[in-house]
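Grab a pencil and work through these exercises one at a time. Try each task yourself before you read its solution.

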Amino acid sequence: MLTILQLSDIHFSHKEGSLFDMHRELQDGLLKFLPELRERVGNIGLILITGDIAFRGVAEQYAKAD
């Protein structure tokens, strides 16, 4: 069975250490939760990211999301 994780509108934005990043708490929470999710559902065969990946669509923000 193929397990797919879909994430939408993750909005990666500012550089690390920046004071303004309204989605940082959600991003950090997601990264902390992923190991627990793997324990619950097993291996994730595909991660599908839809919606807005970057806040402003600039290369630096896509690099951070990567």
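Helices (H or I, at least four residues) and strands (E, at least two) are DSSP runs, numbered from the N terminus. You're looking at a predicted model, where local features need pLDDT of at least 70 and side-chain atom pairs count only at pLDDT 80 or more, while totals for chains, interfaces and linings use all residues. Residues are numbered from 1 along each chain as its sequence is written, and side-chain values use heavy atoms, with hydrogens and water left out.

**Exercise 1. Work out the pattern of helices and strands that the protein chain follows.**

Step 1: Count the pieces. There are 2 helices and 2 strands in the protein chain.

Step 2: Put them in order. Reading along the sequence gives β-α-β-α.

Step 3: See how the strands pair (DSSP has to find at least two bridges between them). E1 and E2 run parallel, and 5 bridges join them. Want one to look for? Leu-7 has Ile-49 in E2 as its bridge partner.

**Exercise 2. Sort the side chains of strand E1 by the face they point to.**

Step 1: Get the words straight. Buried means under 20% relative accessible area, exposed means over 50%, and partly exposed is in between (1.4 Å probe, protein chains only).

Step 2: Walk along E1, residues 4–8, where the side chains alternate. Leu-5 and Leu-7 point to one face and are buried, whereas Ile-4, Gln-6 and Ser-8 point to the other and are not.

Step 3: Zoom in on Gln-6. It counts as exposed because its relative accessible area is 51%. Leaving aside neighbours within four places in sequence, Gln-6 is in contact (heavy atoms within 4.5 Å) with Leu-48 and Thr-50. Its C-alpha atom is 5.8 Å from that of Ile-49, although the two residues are 43 apart along the chain.

Step 4: Now do Leu-5. Not counting residues up to four places away in sequence, Leu-5 touches Leu-34, Leu-37, Ile-44, Leu-46, Ile-47 and Leu-48.

**Exercise 3. Find the residues of the largest nonpolar core, and place Phe-12.**

Step 1: Know what to collect. A nonpolar core is a set of buried Ala, Val, Leu, Ile, Met, Phe, Trp, Tyr and Cys residues joined through side-chain atoms within 4.5 Å.

Step 2: List the members. The largest core has 5 residues: Leu-5, Leu-7, Ile-10, Phe-12 and Leu-37. In soluble globular proteins, nonpolar side chains tend to be buried together.

Step 3: Place Phe-12. You'll find Phe-12 in the loop between E1 and helix H1 (24–41). Phe-12 counts as buried because its relative accessible area is 12%.

Step 4: Check who Phe-12 touches. Apart from residues up to four places away in sequence, its contacts are Gln-27, Ile-53, Ala-54, Phe-55, Gln-61, Lys-64 and Ala-65.

**Exercise 4. Find the salt bridge and say how exposed its two residues are.**

Step 1: Search for a side-chain nitrogen of Lys or Arg within 4 Å of a carboxyl oxygen of Asp or Glu, which is what a salt bridge is. The whole structure holds 1.

Step 2: Name the pair. The side chains of Glu-36 and Arg-40 meet at 2.5 Å, N to O. Side chains of opposite charge can pair when their charged atoms come close.

Step 3: Locate them. Both residues lie in helix H1, 4 residues apart, or about one turn of the helix.

Step 4: Check the exposure. Glu-36 is partly exposed because its relative accessibility is 37%, while Arg-40 is exposed because its value is 59%.

**Exercise 5. Place Asn-43 and describe its surroundings.**

Step 1: Look between H1 and E2, since Asn-43 is found in the loop there.

Step 2: Classify Asn-43. A relative accessible area of 58% is why Asn-43 counts as exposed.

Step 3: List its contacts. Not counting residues up to four places away in sequence, Asn-43 touches Thr-3 and Arg-38.

Step 4: Compare sequence and space. Asn-43 and Leu-2 are 41 residues apart along the chain, with 8.7 Å between their C-alpha atoms.
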